Amino acid sequence: MDRVKKQINWGDSFQEGLTGKGVGVAVLDTGVYLHEDIRDRVAAFCDMVRGKEEAYDDNSHGTHVCGIIGGSGMASEGRFQGMAPECRLICVKVLDRKGNGYASDVLSGLRWVREHRKEYGIRIVNISVGSFSRKVMNENSVLVRGVDAAWDDGLVMVIAAGNQGPRAMSITTPGISRKVITVGSSDDNLAVTVMGNRMVDYSGRGPTAACILKPDVVAPGSRIVSCSNCSKKYQIKSGTSMSTPLVTGAIALLLEKYPEMSNKEVKLRLRERCRDLGLPHNQQGWGLLDVRRLLED
C-alpha cells in the first residue's frame, strides 16, 4: 500500500481526522468475508445469488475490494490500511464463486441499495464489475439504465473501466454510462496476472460507442495488496477492479469532510483536482487521483 499511497498523493487526510466515518459505501461484488480489518463495519449483507443471510465471499474479489475501500489494517498493524478505514460497508453479492453473474442480479442489487440507502446512510456505490458483451454495449442497455437511475437518486456511482484494453472502445458496461465516474488503471504498463491471464496495458480505453470520452479518472490497479477471505491474511490482485475502490475510498473521505456535496459536485471536483499524466484522454481521463488536492479547501 505504501507504493499506492505515494502515487495517489495520500497526503495528511488522517492528520485532518478524515477516515470516512459516517459514510455508507455499497459494494456490489462477490460478497464479503468478515476479515478482521472490516468485520466491525459491515453494516449489511444481501445475497442476490444464493439468498444466504450470513455474509460470505466464495471468490475473494469482493473482500479485496472492501479492504481497499475501508480496511482498518488491524491484522497488519496498519501496513495495509484502506482509504477510508472507518467508513460503513454495505455488501451486496451479485457475482458467483467464479466472479461471473447476471445483469438481473446486478439490477436487483442496485434496486436493493436504492431502497435501503437512507437506512444505511449509503452515499457511494462501488461496482468493480463489467461486461463486454455486444448485447449490453450501448447506453440503452439495462445495466446502464440501472446505474443511471441510481445516479439520478443522488448516489455517487463509481464503476470500473474494465480490463479489455488497450484498444479504443474497450470500456466495459456499465462504465460506458456518461453519468457515472468511470475508473481506469494508471499503472497498467506493469505486467500482471488478472483472472489467471497475464496482461499488460489492460485498462479499458474510450471513447464509447456514443463517442463519450472515458475513463473519467485513473488510479493504481496493479499488484494491490488487500484483505483475503482468510483470517488475518492478505492477497495481491490487479485490474481496474482495484483502481475503482481507491477512488471510492477517496470520495468517502471527501463526503465526510463535505457531507452536503452532491454526486455532480463530487464528479466536478474530481475533474478539477486530478493530476494530469500527459496521456491521451481516452487513456487517463482527467488524470491520476490526487487525494491531497481532492480534499484541500
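How many salt bridges does a search of the whole structure find? The search finds 10. Some of them appear below, after a look at the fold. Keep in mind that this is a predicted model.

Start with the sheet. Strands of a sheet pair through backbone hydrogen bonds, either parallel or antiparallel. Here seven strands form an open sheet, and the pairing is parallel. The order is E2-E3-E1-E4-E5-E6-E9. Strand E2 (42–47) and strand E9 (217–219) stand at the edges. Each has a single partner strand, so one side of each is left without a neighbour in the sheet. From one strand to the next, the twist averages 25 degrees.

Now take the two edges in turn. At one edge, E2 pairs with E3 in the parallel sense over five bridges. Cys46 has Val92 in E3 as its bridge partner. Is E2 enclosed or open? Five of the six residues of E2 are buried, so this strand is largely enclosed by the rest of the structure. At the other edge, three bridges join E9 to strand E6 (residues 181–185), and the two run parallel. Gly184 has Val218 in E9 as its bridge partner.

Helices pack on this sheet. Helix H2 (residues 61–70) touches strand E1 (24–29), strand E3 (88–93) and strand E4 (122–127). The direction of H2 makes about 155 degrees with that of E1. Helix H5 (residues 240–257) lies across E1, E4, strand E5 (156–160), E6 and E9. H5 runs at about 160 degrees to E5.

Back to the salt bridges. Side chains of opposite charge can pair when their charged atoms come close. Asp58 and Lys93 show this, with their side chains meeting at 2.8 Å, N to O. Asp58 sits in the loop between E2 and H2, while Lys93 is in strand E3. The two are 35 residues apart, so the pair links distant parts of the chain. Asp58 is partly exposed, with a relative accessible area of 29%. Lys93 is buried, at 0%. Salt bridges that share partners also bring in Arg50, joining Arg50, Asp58 and Lys93 into one network.A second pair is Asp153 and Arg114, with the closest N and O atoms 2.7 Å apart. Asp153 lies in the loop between helix H4 (142–152) and E5, and Arg114 lies in helix H3 (residues 103–116). The pair therefore ties together parts that are 39 residues apart in sequence. Asp153 is partly exposed at 30% relative accessible area. Arg114 also counts as partly exposed, at 26%.

A third pair involves helix H5. The side chains of Lys257 and Asp297 meet in a salt bridge of 3.1 Å, N to O. Lys257 is in H5, and Asp297 is in the segment after helix H8 (291–295). They are 40 residues apart. Lys257 counts as partly exposed at 24% relative accessibility, whereas Asp297 counts as exposed at 75%.

Which side chain of opposite charge is nearest to Asp57? It is Lys93, 5.1 Å away. A salt bridge needs the nitrogen and oxygen within 4 Å. Asp57 is buried yet has no salt bridge. Asp57 lies in the loop between E2 and H2. What does its side chain reach instead? A polar atom of the Asp57 side chain lies 2.9 Å from the backbone nitrogen of Ser60. The Asp57 side chain also reaches the backbone nitrogen of Gly62, at 3.5 Å. Leaving aside neighbours within four places in sequence, Asp57 is in contact with several residues, including Thr30, Tyr33, Thr63 and Asn229.

Finally, look at the backbone. Most residues other than glycine have a negative phi, and most peptide bonds are trans. Ser60 has a positive phi, near 100 degrees. Ser60 is in the loop between E2 and H2, and is buried with a relative accessible area of 4%. Asp201 has a positive phi too, near 55 degrees. Asp201 is in the loop between E8 and E9, and counts as partly exposed at 29% relative accessibility.

The loop between strand E8 (197–199) and E9 also holds Pro207. A cis peptide bond joins Gly206 and Pro207, with omega about -5 degrees. Pro215 is found in the loop between E8 and E9 as well. A cis peptide bond joins Lys214 and Pro215, with omega about 0 degrees.

Definitions and conventions: Residues numbered from 1 in each chain as written. Predicted model: local features only at pLDDT ≥ 70, side-chain atom pairs only at ≥ 80, totals over all residues. Heavy atoms only, no water. Pairing = 2+ DSSP bridges. Helix = DSSP H or I, 4+ residues; strand = E, 2+ residues; numbered from the N terminus. Axes fitted to C-alpha atoms, helices over the stretch in contact; angles between N-to-C directions. Contact = heavy atoms within 4.5 Å. Buried < 20%, exposed > 50% of the residue type's maximum accessible area, 1.4 Å probe, protein only. Lys, Arg positive; Asp, Glu negative; His and termini not counted. Polar contact = N/O pair within 3.5 Å; in protein donor to acceptor, adjacent residues only side chain to side chain.
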